[in-house]
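Work through the exercises below with the structure in view. Try each task before reading its solution.

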Amino acid sequence: MVPGPEIRVGQGDRLRIVVDNGLPEETTVHWHGLRIPNAMDGVPHLNQPPIRPGERFVYEFEVPDAGTFWYHPHTRSNVQVERGLSGALVVEEPEPIRVDRELVWVIDDWRLDRSAAISADFDNPHDMSHAGRLGNTVTVNGRVPEDIAVRAGERVRVRIVNAANARILGLEFGGHEPWVVALDGQPTAPHRPADDTVVIGPAGRADVVLDMTGARGTRAVVVDRFYPDFAYELMGFVYDDTPLRTNSPDWPMELAANPVPEPDLASAIRHEVILNGGMMGAMVMAEMGGSMGEQSAGGMMGMMEMMRGRGIWFINGKASTGHVMDPMLIFERNRSHVVEMTNATAFHHPMHLHGHSFRVVSRNGVAAPIPEWRDTVLMAPREKIEIAFVADNPGDWMFHCHVLEHQAAGMMGVVRVA
């Protein structure tokens, strides 16, 4: 199956999944966004031994948070995820918001050759050093999407998972007003996004409520416009001749909060992370040098020296391309922490922290207008972001870019909660 089977459980349930590796290579499964015990996180050589061909591994854990999550390998993930190994994991709320219908969209893109086979040009230097592997065919739930029949007056909840290696989505819904009610599985104050466009980076998720307000017999087009020169039609909403109701319902949209501990910014321990490398990386570092502080600027030369070596992308001057990784940051357990991240590169990076959800506090020094929890935050080129969280989940955790080609080329590291 592509994507893999949807796993749907209730909040607080205990989940047991038996994984048999029928691949000709090692693999693991990472449960993206779930705050679960370290031994179940699925990173080879860090949390568990890789699952070898013909072997079995059993994942078992309780799911503390309701929301939209997903699963995928963390072994050669830029290849294995691109070949289709991923799926949605939905944790249902005890009291979900009222809608007429719920849809799950696992959106992915594929680089296909003229015979419609997956192109085997993995690990090519251009993808690694630029924006990652962008495909030429986009699917929803493993198929080139067809139109969806809807009825006027209907309210629909759409759980969107961006399973692409590198593609950033910027979805417009054909004149419909999207209300975002959750991001990365965590509830947020219901709000309409800027320009009514839902932007989702690789590995990100968004729960969107849509009221179907079109006229009978019409068709509204869902368009992805994140890359303006390459906008395309994703699918259409086709209105049935029989309205469900004459007006949109006025049912509440706000979801109950998950039990994520709130960070205390006043007492938080502060840390700094600088992302560097890639094509034009030296130019951006030089451009930003004056505003990055004396300590950061002093490390620029070392990073540019390392760019001549094995790695292409760096976190705090180090590229991790192997299995053994010493912690780059140590977070004191049960304390609040603020991490200031600077994207001193020419490309976007969706930065994912395993085992935790975090608040996005500010962007470029401006307080975030909507308090939002994330596990994967999309950083624009030259952007500075502050995130805050309580380090309450002990162990060594991966921290990496989820453009999977960037991860494979060095933009990953380990943080320790101890």
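**Exercise 1. Find which residues line the largest cavity, and sort them by class.**

Solution. Start with the wall. The largest cavity is lined by Val273, Leu329, Phe331, Val339, Leu353, Ile387, Phe389, Phe399 and Val415. On a 1 Å grid over the protein atoms alone, a cavity is a set of points where a 1.4 Å probe fits but cannot get out, and lining residues have an atom within 4 Å of a point.

Next, sort by class. The lining has nine nonpolar, no polar and no charged residues. Nonpolar covers Ala, Val, Leu, Ile, Met, Phe, Trp, Tyr, Cys and Pro; charged covers Asp, Glu, Lys and Arg; the others, Gly among them, are polar.

Then look for strands (DSSP runs of E, at least two residues, numbered from the N terminus). Strand 20 (327-331) and strand 27 (384-390) each supply at least two lining residues.

Last, the volume: about 60 Å³ for the largest cavity. A volume is the space filled by probe spheres set on the grid points, which are joined across faces, edges and corners.

The model is predicted: local features need pLDDT of at least 70, side-chain atom pairs count only at pLDDT 80 or more, and totals for chains, interfaces and linings use all residues. Residues are numbered from 1 along each chain as its sequence is written, and side-chain values use heavy atoms, with hydrogens and water left out.

**Exercise 2. Describe the second largest cavity by its lining.**

Solution. The search finds three cavities of 30 Å³ or more in the whole structure. The second largest has a volume of about 50 Å³. Its lining includes Val2, Pro3, Asp108 and Trp110. Strand 7 (residues 101-110) gives the largest share, three residues. By class, count five nonpolar, three polar and one charged.

**Exercise 3. State which residues lie nearest the centre of the largest pocket, and which strand gives the largest share of its lining.**

Solution. A pocket is an open set of grid points with protein on both sides within 12 Å along at least five of seven lines. The largest pocket holds about 720 Å³ of space. Of its 28 lining residues, Pro193, Val199, Arg363, Glu372 and Arg374 lie nearest the centre. The lining divides into 16 nonpolar, six polar and six charged residues. Strand 12 (179-183), strand 14 and strand 26 (376-379) each supply at least two of them. Strand 26 gives the largest share, four residues.

**Exercise 4. Trace the five-stranded open sheet and find its edges.**

Solution. The strand order is 9-17-16-11-14, with mixed pairing. Two strands pair if DSSP finds at least two bridges between them. The edges are strand 9 (148-150) and strand 14 (198-200), each pairing on one side only. Strand 9 and strand 17 (residues 232-239) pair in the parallel sense over three bridges. There, Ala149 stands opposite Val238.

**Exercise 5. Is Leu169 buried or exposed?**

Solution. Leu169 lies in strand 11 (residues 169-172). Its relative accessible area is 1%, so Leu169 is buried. Buried means under 20%, exposed over 50%, and partly exposed in between (1.4 Å probe, protein chains only). Now check its contacts (heavy atoms within 4.5 Å). Leaving aside neighbours within four places in sequence, they include Ile107, Val198, Phe226 and Tyr232.
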